[in-house]
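Dear colleague,

I am handing over the structure we spoke about, and it is placed directly below so that you can keep it open while you read. My notes on what was found follow after it.

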Amino acid sequence: MLLPTIHPTSSELPIRIHRMLAEQGVDFARLARLAHLLRVTGEQVRTAVAADPRLGICAEPEPVVYCLPAGPVAAGFEVRRRAGRLLLRLPGRGLRPALLLSGCYLDPGMPYERIGTVGAGALAYTVARLTSLARHWLPPVPDPTRHLFELTAETWRHGARQRQAGPLAVYRADFTELIATGPGLPDGGTNRLELVTNRCWGGYRLVHVYPVPGRGCA
């Protein structure tokens, strides 16, 4: 069903893009196809994308419009497209390769609105699911998704490998301030964060993020 033509300055166009991607259960769609279905020009779609931090354009191999929570990109992760899927990629530093996050439905039975995800694709779901789990220990912050991915980025860039079993490896970083409180942690909280990673695709894929008890020296 074709939607009515929308004026390029209308605030409704980003909402229509969100809705269309959510109805299809995807993270992204070809820019040209979105413009055709929405009965607007490609330039109008680009203008709408620029006005909404949750929307973006991944240009290779062809322009696609994606809908993801804005936090990871604000924290330094890049959106990439590989084998028909979206990935979040944190550039490596020094000898450490890139950290990747791919999408997977960890709990397909959970309604999207219950975890506050943006869009309905696999990567958006995964970002929202990680944020939902981290809310149990994250301090109150305006943007918990951005804060979680900032902590993740710092841990990857500066943390040390603690243990490894085949392709799986655990990295830990000690922060100068407490980063987590809550059940299973000491009364004062902890300043230690660990990442579980799995080596693949020429980099390391992020599997999980969690705080660990104890106080380390940053």
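A convenient place to begin is Ala 29, which stands opposite Val 65 in β3. Please keep in mind throughout that this is a predicted model. The strands concerned, β1 and β3, pair in the antiparallel sense over three bridges, and they belong to an open sheet of three strands, in the order β1-β3-β2, whose pairing is antiparallel. In this sheet β1 and β2 stand at the edges with a single partner strand each, so one side of each is left without a neighbour in the sheet. Neighbouring strands here are turned by 25 degrees against each other on average, with direction ignored. Helix α3 packs on this sheet, where it touches β2 and β3, and its direction makes about 125 degrees with that of β2.

The same part of the chain brings in helix α1, which covers residues 12-24 and, with 13 residues, reaches 19 Å from its first C-alpha to its last, close to the 18 Å expected at 1.5 Å a residue. Its buried residues are Leu 13, Pro 14, Arg 16, Ile 17, His 18, Met 20 and Leu 21, and what covers them includes β1 (28-30), α2 (31-38), α3 (42-50), β2 (55-58) and β3 (64-67). Just after α1, Gly 25 takes a positive phi of about 65 degrees.

The second sheet is also open, and it is formed by seven strands in the order β4-β5-β6-β10-β9-β8-β7, with mixed pairing. At its edges stand β4 (78-82) and β7 (160-165), each of which has a single partner strand, so one side of each is left without a neighbour in the sheet. On average, neighbouring strands of this sheet are turned by 40 degrees against each other, direction ignored. Within it, β9 (residues 192-200) and β10 (residues 203-212) pair in the antiparallel sense over nine bridges, and Cys 200 stands opposite Gly 203 in β10.

Two helices that pack on this sheet deserve a mention. Helix α6 (residues 122-134) touches β5 (85-90), β6 (99-102) and β10, and its direction makes about 105 degrees with that of β6. Helix α7 (residues 144-158) touches β5, β6, β7, β8 (168-174), β9 and β10, while its direction makes about 70 degrees with that of β9.

I would also draw your attention to the aromatic residues, since a search of the whole structure finds four aromatic pairs. One of these is formed by Trp 156 and Tyr 204, which are tilted, at 5.5 Å centre to centre and with 50 degrees between the planes. Trp 156 lies in helix α7 and Tyr 204 in strand β10, so the pair ties together parts that are 48 residues apart in sequence. Both Trp 156 and Tyr 204 are buried. Tyr 171 and Tyr 204 form an edge-to-face pair, at 6.3 Å centre to centre and with 85 degrees between the planes; because Tyr 171 lies in strand β8 and Tyr 204 in strand β10, this pair ties together parts that are 33 residues apart in sequence. Tyr 171, at 5% relative accessibility, counts as buried. Taken together, Trp 156, Tyr 171 and Tyr 204 form one aromatic cluster, and the charged end of Arg 96 sits over the ring of Trp 156, 5.2 Å from its centre.

With best wishes

Notes
Residues are numbered from 1 along each chain as its sequence is written. This is a predicted model: local features need pLDDT of at least 70, side-chain atom pairs count only at pLDDT 80 or more; totals for chains, interfaces and linings use all residues. Side-chain values use heavy atoms; hydrogens and water are left out. Helices (H or I, at least four residues) and strands (E, at least two) are DSSP runs, numbered from the N terminus. The expected span of a helix is 1.5 Å times one less than its number of residues. Buried means under 20% relative accessible area, exposed over 50%, partly exposed in between (1.4 Å probe, protein chains only). Contact means heavy atoms within 4.5 Å. Two strands pair if DSSP finds at least two bridges between them. Axes are lines fitted to C-alpha atoms, for helices over the stretch in contact, and angles run from 0 to 180 degrees between N-to-C directions. Rings of Phe, Tyr and Trp (its six-membered ring) pair if their centres lie within 6.5 Å; planes under 30 degrees apart count as stacked, over 60 as edge-to-face and the rest as tilted. A charge sits over a ring if NZ of Lys or CZ of Arg is within 6 Å of the ring centre and within 35 degrees of the ring normal.
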